Amino acid sequence: MGKHKKQEKRPKSDSESESDSDSGPEDRNEPAPKKSKAEGSSSKRLKNDLGETYFELERNRRVSIREFRGKLIIDIREYYEKDGKYHPGKKGISLSAVQFNKLKSLMPDIDEVIQEM
């Protein structure tokens, strides 16, 4: 919850090594991790079978923008796969445009609390 103390750096002795392996320096620099499909597509607009716009957060989580009973909603929901198609699950929340804008205005405060934790 509080701030962490920085560890002091100490010089390495000749007996300490940067690598745990016995092979040469080529294994010291690990390749960068590959982006998952969700990370690569997080900013792309997608369309479902009904023509509604959505953004994929993770494999089974989406943010959808659609109309429900004549009102615009932002739907953050888990999906499940059945017979090769994705269907909305019970776990999720639908926000009106007013509620979503309020959430957006709270983001700096939310980020601040996250940084403190």
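Reply: A pocket is an open set of grid points with protein on both sides within 12 Å along at least five of seven lines. Keep that in mind as we look at this predicted model.

Me: How much space lies in the largest pocket here?

Reply: The general idea is that rolling a probe the size of a water molecule over the atoms shows where empty space is left. In this structure, the largest pocket holds about 320 Å³. Of its 15 lining residues, those closest to the centre are Asn 48, Asp 49, Arg 62, Tyr 79 and Tyr 86.

Me: Which elements give two or more residues to that lining?

Reply: Strand 3 (61-68), strand 4 (71-82) and strand 5 (85-96) do. Strand 5 supplies the largest share, with four residues. By type, the lining is made up of seven charged, five nonpolar and three polar residues.

Me: Those strands keep coming up. In what sense does strand 3 run relative to strand 4, and how many bridges join them?

Reply: They are antiparallel, and eight bridges join them. One example to find is Ile 65, whose bridge partner in strand 4 is Ile 74. The hairpin they form has two residues between the strands, and Arg 69 there takes a positive phi near 55°.

Me: And how many bridges link strand 4 and strand 5?

Reply: Nine, again in the antiparallel sense. Here Ile 76 is bridged to Ile 93 of strand 5. This hairpin too has two residues between its strands, with Asp 83 in the turn at a positive phi of about 55°.

Me: How should I read a single side chain in a strand? Is Ile 73 buried or exposed?

Reply: In a regular strand the side chains alternate between the two faces of the sheet. Ile 73 is found in strand 4. Its relative accessibility is 10%, so it counts as buried, the cut-off being under 20%. Beyond its neighbours within four places in sequence, Ile 73 touches Ser 64, Ile 65, Arg 66, Phe 68, Ser 94 and Leu 95. Val 98 lies 25 residues away in sequence, yet the C-alpha atoms of Ile 73 and Val 98 are 9.4 Å apart.

Me: Which elements have the lowest and the highest mean pLDDT?

Reply: Where pLDDT is low, the predicted coordinates should not be read in detail. The chain averages 76, and 63% of its residues score at least 70. Helix 1 (residues 37-40) has the lowest mean, 46, and helix 2 (residues 97-116) the highest, 96. Across residues 10-42 the pLDDT is below 50, and beyond near neighbours in sequence this stretch has 16 contacts in the model.

Note on methods
Residues are numbered from 1 along each chain as its sequence is written. This is a predicted model: local features need pLDDT of at least 70, side-chain atom pairs count only at pLDDT 80 or more; totals for chains, interfaces and linings use all residues. Side-chain values use heavy atoms; hydrogens and water are left out. pLDDT is the predictor's confidence in each residue, from 0 to 100. Contact means heavy atoms within 4.5 Å. On a 1 Å grid over the protein atoms alone, a cavity is a set of points where a 1.4 Å probe fits but cannot get out, and a pocket is an open set with protein on both sides within 12 Å along at least five of seven lines; lining residues have an atom within 4 Å of a point. Grid points are joined across faces, edges and corners, and a volume is the space filled by probe spheres set on the points. Ala, Val, Leu, Ile, Met, Phe, Trp, Tyr, Cys and Pro count as nonpolar, Asp, Glu, Lys and Arg as charged, and the others, Gly among them, as polar. Two strands pair if DSSP finds at least two bridges between them. Buried means under 20% relative accessible area, exposed over 50%, partly exposed in between (1.4 Å probe, protein chains only).
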